[in-house]
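Visitor: I am new to this structure and should like to learn how to read it. Would you kindly guide me through its features in turn?

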Amino acid sequence: MSESPTPENASFDQIGEVLRNHQSFVLISHVRPDGDAIGSQIALGFALMAAGKSVRLINEDGLPDNLEFMAGSDKIELPPAEPLDVEVAIALDTAAKPRMGEKALHAASKAKIWLNIDHHKSNPSYGDLNLIDSSSPATGQILYQLITALGLPMPAESRDAIYVAVSTDTGSFQYPSTTAATYRMAAELIDHGLDVGKINSDTYDNHPYRRVELMRALLNTLELSADGLVANWELRDKTRIDLALLPEDSEGLIDIIRAIRGVQLAVFFEELVDGKIRVSMRSKDKRVDVCKIALEFGGGGHSLAAGIRMTGPLEDAKALVLAAIRRHIEAAGL
Ligand code: 5GP
Ligand code: MN
């Protein structure tokens, strides 16, 4: 997606050499981490630890409460104030370097080498070595291939984390990004002892009551465009405060309006604590690429799922983004 030519990807062997030849690592993922972000950190982190490496797992926003069930998640730390003495920093599932957050970047500032492993097509390859595979439905699936190809250990924490990473980023193995390789990988993880019933129940049947209250509040703000192509809803400060919401409580709820028959574009506007507006977009039609729309406002992501953080107020962000979506719908001839 970037205008400048993308540097070539490193090979698994080149990545393997960096992993083998160094002893200390910090693994970082993006702000407001999701299952693929935390799952990728645990997956690679525990594989490296099992190989005898010293590993720290850092996230700007720490571990969200909906992922506390994940084995190994207690290793996820907030960024320490002082930079860590580590040789290698590894960015996981992070479309742009600033998405790691200032404190996390400061914590990794002494690293001599940066690896960038991701599946966002908008990733500008900001690492010294990059492994960007936008055909992969999740960073967790790239890590599965990497760990397997390099013969790294696959402890139970890594095995389960890879499953959660891929399951959450594919909407439970449903999105068109899901491939035969994804299902083969899941089968192999089950062969290696993954308890599929338990992990799905922990991931999907385990919501705090306030999340369902949030659904009710969001439904009261639902809007559908006259032609039925665009559905949007919004979360205001007042609702966040009244329901004592945590950032992760809204994760995945956009799928409810994405699922409306006839809707091709779903949009979620949210007032953030810092005054910025978070915009989440989903497309069901390949002809309308929401990553391109997000890039117009400094965001990014994938063709069918992308996001933006922009300046408020919410009314202005909404008017701008809905107008851009309308332009793209017309250009695509929908
Ligand atoms: P979500 O809507 O679930 O937050 O994000 C959808 C996809 O877009 C994710 O892959 C996420 O990493 C990406 N994304 C979300 N917000 C932003 C943003 O502000 N900047 C960039 N570059 N990517 C984003
Ligand atoms: Mn991801």
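**Reading the sites and the fold**

Guide: Strand 12 supplies the largest share of the shell around ligand 1, namely five residues. Strands (E, at least two residues) and helices (H or I, at least four residues) are DSSP runs numbered from the N terminus. The model is a predicted one, in which local features need pLDDT of at least 70 and side-chain atom pairs count only at pLDDT 80 or more, while totals for chains, interfaces and linings use all residues. Residues are numbered from 1 along each chain as its sequence is written, chains are lettered from A and ligands numbered from 1 in the order in which they are written, and side-chain values use heavy atoms, with hydrogens and water left out.

Visitor: Which residues come nearest to ligand 1?

Guide: A residue is near a molecule or strand if one of its heavy atoms lies within 4 Å of it. Of the 15 residues around ligand 1, those that come nearest are His120, Arg278, Ser280, Arg282 and His302.

Visitor: What lies opposite the oxygen atoms of ligand 1 in the side chains of serine 280, arginine 282 and histidine 302?

Guide: The idea to keep in mind is the polar contact, a pair of N or O atoms within 3.5 Å; within protein, one must be able to donate a hydrogen and the other to accept it, and residues adjacent in sequence count only if both atoms are side-chain atoms. In serine 280, a side-chain N or O atom is 2.4 Å from an oxygen atom of ligand 1. For arginine 282 the corresponding distance is 2.8 Å, and for histidine 302 it is 3.1 Å. Of the 500 Å² of accessible area that ligand 1 has on its own, the protein covers 87%. Accessible areas come from the Shrake-Rupley method with a 1.4 Å probe, and for residues only the protein chains shown count as cover. Strand 10 (277-283), strand 11 (300-301) and strand 12 (305-310) are the elements that give two or more residues to this shell.

Visitor: How do the residues of the shell around ligand 1 divide by character?

Guide: In this scheme Ala, Val, Leu, Ile, Met, Phe, Trp, Tyr, Cys and Pro count as nonpolar, Asp, Glu, Lys and Arg as charged, and the others, Gly among them, as polar. The shell holds four nonpolar, seven polar and four charged residues. Domain 1 (12-204) and domain 2 (209-332) each give at least three residues to the shell; such bounds come from an automatic or database domain assignment.

Visitor: Which residues coordinate the manganese ion (ligand 2)?

Guide: Donors are N, O and S atoms within 2.8 Å of the metal (3.2 Å for Na, K and Ca); water is not among the atoms, so sites may look incomplete. Here Asp36 (OD), Asp93 (OD), His119 (NE2) and Asp169 (OD) coordinate the ion at 2.2 to 2.3 Å. Their spacing in sequence is D-x56-D-x25-H-x49-D. Aspartate 93 lies in the loop between strand 4 (88-92) and helix 3 (102-107), and histidine 119 in the loop between strand 5 (113-118) and strand 6 (129-132), so the pair ties together parts 26 residues apart in sequence.

Visitor: Are aspartate 93 and histidine 119 buried or exposed?

Guide: Buried means under 20% relative accessible area, exposed over 50%, and partly exposed in between (1.4 Å probe, protein chains only). Both aspartate 93 and histidine 119 are buried. Asparagine 220 is exposed, with a relative accessible area of 68%, and is found in the loop between helix 8 (209-219) and strand 7 (223-224).

Visitor: What does the side chain of serine 167 contact?

Guide: Serine 167, in helix 5 (residues 156-169), makes a polar contact of 2.6 Å through its side chain with the side chain of tyrosine 204. Serine 167 counts as buried, at 1% relative accessibility. Asparagine 59, in the loop between strand 2 (54-58) and strand 3 (76-77), is also buried, at 0%. A polar atom of the asparagine 59 side chain lies 2.8 Å from the backbone nitrogen of aspartate 61.

Visitor: Where is the cis peptide bond?

Guide: The cis bond joins glycine 312 and proline 313, with omega about -5°. Proline 313 is found in the loop between strand 12 and helix 12 (314-332).
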